[in-house]
Structure formats: structure tokens, C-alpha cells
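Visitor: I am new to this structure and would like a close look at a single part of it. Could you take me slowly through the place where the chains meet, and through the side chains packed around it?

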Amino acid sequence: MKRIESLNMNRLTKQEIPKAPTKIKHYLTTALIVLLIGWSAYQTESSFIDFVEGFPNMFDLLVQMYPPSWSYFDDIVPAMLDTFRMAVIGTTMGALLAVPFALLCASNIAASNWIYYPFRFILNLIRTIPELLLAAIFVAIFGLGPLPGIFALAVFSMGIIAKLTYEAMESIDKGPLEAMTAVGANKIQWIVYSVVPQVSPYFVSFVLYTFEINIRAAAILGLVGAGGIGEYYDKTLGFLEYDKVSTIIIFTLMVVLLIDYISTKLREKLL
Amino acid sequence: MKSVARPVKPKKNRFMLWSIYVLLAAIYIWALSGIPIEGFKETAGQITKAILSGILSPDWGYVYLPEGEDLLRGLLDTLAIAILGTFISAFLCIPFAFWAANNMTKGKIAAGTGKFILSFIRTFPELVMALLFIKVVGPGSFAGVLALGLHSIGMLGKLFSEEVENIDFGPIEALKATGASGLQTLWFAVVPQIIPGFISYTLYRFEINLRSASILGIIGAGGIGTPLIFAMQSRDWSRVGIILLGIIAMVTIVDIISGYLRKKVV
């Protein structure tokens, strides 16, 4: 009797245990990732041995970077102010350019998909080009100095701000839009009184966020000759003055962290 | 109450607003006055035309050259730098993520230190890191890989730690109740909850890293940037055009694939 019961139990449990899903997909994914990484390591000629052999170099570098040359601060303050200027003007120009772009990209404002699809496509193309590359192109056109840096930042920030803003525009409340249509507003009134009030806090927040990004970007644009503090990396690294390099790095970090802090606080207040 | 008074705008607020306007105006005046506008170079128009015509008639012959150093190899190199750099950082940032997560480390100070280290790494520009790594391992793709690998820890660690902070403690308690060891709890209760987020963020960072990898070559850290900057310096605009097209095409395709994968994972 007992045996039969246990047999029944066995059968029961066997039926109830679901089959584990096949793991072939996981194995294949893992194999694919391992293959990709192996190929990448081969392609980039990366080797752990090189890294270990280079390690003493790194240590040397760190030793040479310490202590930072504090007197160098005075020399780079003007360049840092230039960097700040570039970021301010670049972000502003980008923000101004982004407004019409965002309006043309938002599907609930530019009513026809003949308008917003092409503009979104252009926007996506612009956003694929890294800011340093834009800067290199503008340097070729306008020559060395902060001016090409400003233009590069303007184009770059227009891409970010326009994308974020048109997405914010698409999620606004429809009520005011319909109300404005119902009272017979023309297109410009419609935008100014129903779209702008809803989007403007987001827009300001996006501009501040882009400004944070642009300060970081502006700090390196000098590497291609587009002005700002980045130019000093070339000058100091070329002469192997690592103590000055660490001064530049520390100064940049301080400014970036300070601006991040202020901007984050402002954005928290806005939204 | 007989009549409801019209709400009056608070005065202090208006004062604040005006002082912000004045401050902004001062910043703009200062910023605009400091920019040297010595007029555009006379050649600016010509060069713009040359660039545009170069981009419109790209040097298709450069796409594949049998003897090497062509567009395809450069792009593959860039892709490899991005893949390996992302993988290294995704791997290295895991301990940082747990360190910086409020619910995993005991005490606010420990998590705060972790968060500070991550934000420190994040603000350190990858190009400067690449410059330093070039001094360590010599110019080439490997320096780029190391720079991206180290720099991405900052952002990935932050995103991962937020993911860890948002996990549900139910499964952990359940496993502990059945007598699972610490490692078992981690593996069967924590890891399954955070894996989708991890994969999604890693892919997102990969998209960013691909863009960064395409410019690392400008300072000699491998990838398509090196031939690009050479072509620019020698004013070979049709070659610049084809390289730009190549970068745009690669980034767009990878974005589409990665976006599709991210939608599937989450």
C-alpha cells in the first residue's frame, strides 16, 4: 500500500515539475560575446602583458605629477575663463537654434510627417558627429582660436537640446492646445500660449544640463586647437611637465564639479 | 468670507527673478566681450566650399585598399576599441556599484565615498586619460581601450548602483529564510533583478563609447580618428568626406541595433 502511494507521489511530482527552459540561447549569446571580445582584443592588439609591463611607467607618471605646480594656476586662469565663455556662448547659440528645430520635430506641433520625419533625420545625423570632430572641422574653416570651439559647441548642443525638447513637447497636455484652437488662435499664438508655458521649465533644465556637458567638452576642445584650457595639455605634455598637467587636471575637475553642483541645484528647483 | 482676494504675486519672488536676469545679463556681457572677433579668415568661404564639395563627392576608393590603412579597417578598429573598453568598464564597475549603493554598504559614509569616487572618475575627460595612457603603453588602440575602460566606470558605476538601490528585498529575505549563504543570496536574489538594467546600461554606454572611440585617434589613441586628422591636415576633403560618412553610418547602424537590443532586454 505504502509503495503504491509513493509511486503515485512520484508520478505526481514528475508531472508538476516544469521543464527547465532550454539554455541554448544563453550559451550562444555568451559564445558570441566572448568571440566579439576576443576579436576586439586581437584587433586592438591589446595584451595584458603590455599593460603589466607599462604599469611601472604609470607609477612613474603619477610620481612625476605630484606635487602639482601651484604657481601654474595663475597662468591657466585666463584659459579657464575662456573655456567658461565658450561654454556659455556655445550653449546659448545651441539653445536658440534648437527652438525652431524642436518645434519642427515634434509630431503634435508640426502636424505633417512630411515635416517632422526629415527634420528628425537631420537631427539624428547631427548627433552622430562627436563635438571634437566638429571642432576640428571648424578649426579648418576659421583657423585656431575659441571661435571654432564656440561653433562646434553650438551645433553639438543644438542636437542634444532639440532632441530632449521635442520629446518633452510631445508629452505635453493636449487641453491647452485644443483650447487655443477652439478660440481661433493662429499658429504663432497657439505655440506661444499653449506650448511654450508647458515646455519652458523643461527647456531651461535641458539647457543647464547641456551647459554641464559643454563645460567638459570645452575643456578638451583645445586639443584640436579650438581654444580654452585644452590647449595647455599639448603645451605641457610636449615638454614633459607633468606637474603642470596635474594642475590643469585638478583645476578642470574643480570647475566642472562646482558647475555641476550649481546646475543640479538649479535644475532641482526648476522641476 | 465675502469675496476672495485676488492672489498677489509674492514680491520676494519677483526680486529673485530680476536678480537672476541681471546676473544672467552680466554673465553674457562678460562672455561676449571676451571673445576675440577679429573677423573671419578670408579663406573661410573657400574652405567651407571645399569641405562641402569634398563631403558631397567622397573618395570611394578609400573604403577598401588591399594594402591596409583603409576606411573599413579603421572603422573595425574603432568598433573593437569601443567593445573592449565597454566590456572592461562593465566588469570593473561592479564592485564600485555595490560599494556606492546605499542598501548594500553599511553606513552613509561608505556609500558616499563610493559615489564621490565615481563622480571623480566621471569628470576626468577620457581624452586626457588617453593622453596619459599613451605615455604608459605607447600610442595605439590599446591606450584608447584603457582610457575608455577607465572613464566609463564612472557613469556605469553610477547607473548600476542606482539599479542596485532599487532592488526588491523580498527575494533576498526569502532566500535567507531558507538558509542560503551570502553568495547564494547574491546570485539567486540580487543578480536576476539587476541583470536587465546592467545589460541595458552597458549597451547605452557602448553607444557613447563608439562616438568617443571615433575621436580618440585625433590624439593618437587608435581608431578612425588618426586617418581623419591626417586627411584634415593635408586638406584632402574628399577623404575627410568618406571618413565622416563612414563614422555616421557606423554610429547610426550600431545605435539602431543597440536600441533594438535594449528594448528587448528591458
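Guide: What follows is a walk through the interface, then the nonpolar core, and then the salt bridges.

Please keep in mind throughout that this is a predicted model. Where chain B meets chain A, 57 residues of chain B are in contact with 55 residues of chain A. The area buried between chain B and chain A comes to about 4900 Å², and carbon and sulfur atoms give 81% of that area. Three residues, Trp30(B), Thr123(B) and Val136(B), supply 12% of the area that chain B buries against chain A, which is more than any other three residues supply. If you look instead at elements, α3(B) gives the most to the side of chain B that touches chain A, with 9 residues. As for charged and polar pairs, the count between chain B and chain A is 0 salt bridges, while 4 residue pairs are found in polar contact across this interface.

The packing of nonpolar side chains comes next. In soluble globular proteins, such side chains tend to be buried together. Here the largest nonpolar core holds 124 residues, and the members that touch the most others are Leu133(A), Ile141(A), Ile229(A), Ile249(A), Ile243(B) and Ile247(B). Helix α3 of chain B, residues 71-100, contributes the largest share of this core, namely 12 residues. Apart from this core lies another, of 23 residues, which includes Phe101(A), Met158(A), Ile161(A) and Met169(A).

Leu133(A) deserves a longer look, and you will find it in helix α6 of chain A, which covers residues 131-142. Leu133(A) counts as buried because its relative accessibility is 0%, and buried means under 20%. Leaving aside residues up to four places away in sequence, Leu133(A) touches Ile215(B), Leu228(B), Met232(B), Leu244(B) and Ile247(B). Ile249(A), with the same kind of neighbours in sequence left out, touches Met65(A) and Tyr233(A) as well as Phe124(B), Val128(B) and Leu132(B).

From the core we can turn to the salt bridges, of which the structure holds 14 over all chains. In one of them the side chains of Asp260(A) and Arg216(A) meet at 2.2 Å, N to O. Asp260(A) lies in helix α11 of chain A (residues 242-270) and Arg216(A) in helix α9 of chain A (residues 187-221), so the pair ties together parts that are 44 residues apart in sequence. Asp260(A) counts as buried, at 13% relative accessibility, whereas Arg216(A), at 25%, counts as partly exposed.

Another salt bridge joins the side chains of Glu167(A) and Lys163(A), at 3.0 Å, N to O. Both residues lie in helix α7 of chain A (residues 146-170), 4 residues apart, which is about one turn of the helix. Glu167(A) is partly exposed, with a relative accessible area of 36%, and Lys163(A) counts as partly exposed at 22% relative accessibility.

Chain B offers a salt bridge between the side chains of Arg73(B) and Asp70(B), at 3.4 Å, N to O. Arg73(B) is partly exposed, with a relative accessible area of 32%, whereas Asp70(B) is buried, with a relative accessible area of 2%. Elsewhere in chain B, Asp59(B), Asp236(B) and Arg239(B) are linked in a network of salt bridges.

Terms used: Residues are numbered from 1 along each chain as its sequence is written. Chains are lettered from A and ligands numbered from 1 in the order in which they are written. This is a predicted model: local features need pLDDT of at least 70, side-chain atom pairs count only at pLDDT 80 or more; totals for chains, interfaces and linings use all residues. Side-chain values use heavy atoms; hydrogens and water are left out. A nonpolar core is a set of buried Ala, Val, Leu, Ile, Met, Phe, Trp, Tyr and Cys residues joined through side-chain atoms within 4.5 Å. Buried means under 20% relative accessible area, exposed over 50%, partly exposed in between (1.4 Å probe, protein chains only). Helices (H or I, at least four residues) and strands (E, at least two) are DSSP runs, numbered from the N terminus. Contact means heavy atoms within 4.5 Å. Buried area is the accessible area (1.4 Å probe) that two parts lose on being put together, summed over both. A salt bridge is a side-chain nitrogen of Lys or Arg within 4 Å of a carboxyl oxygen of Asp or Glu. A polar contact is a pair of N or O atoms within 3.5 Å; within protein, one must be able to donate a hydrogen and the other to accept it, and residues adjacent in sequence count only if both atoms are side-chain atoms.
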